[in-house]
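Have your viewer ready and take these exercises one at a time. Try each task yourself before you read the solution below it.

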Amino acid sequence: GLLGLGWILGKVGIRDRIHSEHLQENLVVAYTDKGLESEVSNSMLKRQQRNENSMTFVEYSSPFCHSCLSLLPSLMGMTKKNREVDFILADINDMKSSLRGINKIPTFDIRINGRLVDRFLTESAQSMQAHLWLWNFKLKTNAQENLANTNTIIDSPNSN
């Protein structure tokens, strides 16, 4: 059944769940705290070189999380439709410091220029897409402002 499938998928890991033909240039997998920090920095540097604000969408998940698995097809679709956004799948199994404030998964972060602007918990693909759309809209309509200095930075997670 599904439990057996989840165990098998958990054993092969997140990267192996994503078939190579579905991998996008704007999607990476991070397995450690240092790896996650590095990918967020890479996103910022890549966008700064092009004089663009960077938006990074992070999904904290685990290969053993059924809800995370069910959202994966939607996340893959989002990577194709939102090439200006960098996506990171963060496998929480070997992370510690990156998980402060995260009590449940799947939890999502949206970072603009490396700073956390939104954190939410959802099992809904529509909610995930709505959060991304909202921040993408804000980023595009406020392009003349430096969002890295915005006062909308949050420190605590929101639930949906």
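The exercises below go from the whole chain to helices, rings and single residues, and the model they use is a predicted one.

**Exercise 1. The whole chain**

Task: Find how many helices and strands there are in the chain, and state what pattern they follow along the sequence.

Solution:
- Start by counting elements: the chain has five helices and six strands.
- Next, read along the sequence, and the pattern comes out as α-α-β-α-β-α-β-β-β-α-β.
- Now look at burial: of the 160 residues in the chain, 48% are buried.
- Finally, turn to contacts with a separation of 6 or more: residues 24 or more positions apart account for 73% of them.

**Exercise 2. Two helices that meet**

Task: Decide whether H4 is roughly parallel or roughly antiparallel to H5, and list which residues make the contact.

Solution:
- Two packed helices are described by the angle between their axes and by the distance between those axes.
- Here, helix H4 covers residues 66-81 and helix H5 covers residues 125-141; their axes come within 10 Å and cross at roughly 30°.
- Angles under 35 degrees count as roughly parallel, and therefore H4 is roughly parallel to H5.
- The crossing of H4 and H5 is also right-handed.
- On the H4 side, the contact is made by Leu 71, Ser 74, Leu 75 and Met 78.
- On the H5 side, Ala 125, Met 128, Gln 129 and Leu 132 take part.
- Sorted by class, the contact of H4 with H5 has six nonpolar residues, two polar ones and no charged ones.

**Exercise 3. Pairs of rings**

Task: Classify the ring pair of Phe 57 and Phe 87, then do the same for Phe 108 and Phe 120.

Solution:
- The count of aromatic pairs comes to five.
- Take Phe 57 and Phe 87: their centres are 5.5 Å apart, with 55° between the planes, and the pair is tilted.
- Place these rings in the chain: Phe 57 is in strand E2 (residues 55-61) and Phe 87 in strand E3 (residues 85-91), so to speak of distant parts of the chain is fair, as the two are 30 residues apart.
- Both Phe 57 and Phe 87 are buried.
- Now take Phe 108 and Phe 120: the ring centres are 5.2 Å apart and the planes are at 20°.
- Planes under 30 degrees apart count as stacked, so Phe 108 and Phe 120 form a stacked pair.
- This pair also links distant parts of the chain, with Phe 108 in strand E4 (residues 107-112) and Phe 120 in strand E5 (residues 115-121), twelve residues apart.
- Phe 108 has a relative accessible area of 0% and is therefore buried; Phe 120, at 0% too, also counts as buried.
- To finish, put the rings together: ring pairs link Phe 57, Phe 87, Phe 108 and Phe 120 into a cluster.

**Exercise 4. Backbone details in two loops**

Task: Work out whether the peptide bond from Ile 105 to Pro 106 is cis or trans, and find where Asn 113 lies.

Solution:
- Omega for the bond from Ile 105 to Pro 106 is near 5°, and the bond is cis.
- Pro 106 is found in the loop between E3 and E4.
- Asn 113 sits in the loop between E4 and E5.
- Check its phi: Asn 113 is not a glycine, yet its phi is positive, at about 50°.
- Buried means under 20% relative accessible area, so Asn 113, at 13%, is buried.

**Exercise 5. Sequence and space**

Task: State how far apart Ser 61 and Asn 93 are in sequence and in space.

Solution:
- Locate Ser 61, which is in strand E2.
- Ser 61 has 0% relative accessibility and so counts as buried.
- Along the sequence, Ser 61 and Asn 93 are 32 residues apart, while in space they are 8.5 Å apart, C-alpha to C-alpha.

Technical notes: Residues numbered from 1 in each chain as written. Predicted model: local features only at pLDDT ≥ 70, side-chain atom pairs only at ≥ 80, totals over all residues. Heavy atoms only, no water. Axes fitted to C-alpha atoms, helices over the stretch in contact; angles between N-to-C directions. Helix = DSSP H or I, 4+ residues; strand = E, 2+ residues; numbered from the N terminus. Parallel < 35°, antiparallel > 145°, perpendicular 65-115°, else oblique. Left-handed = near helix turned anticlockwise from the far one by under 90°. Contact = heavy atoms within 4.5 Å. Nonpolar A, V, L, I, M, F, W, Y, C, P; charged D, E, K, R; others polar. Phe/Tyr/Trp six-rings, centres within 6.5 Å; stacked < 30°, edge-to-face > 60°. Buried < 20%, exposed > 50% of the residue type's maximum accessible area, 1.4 Å probe, protein only.
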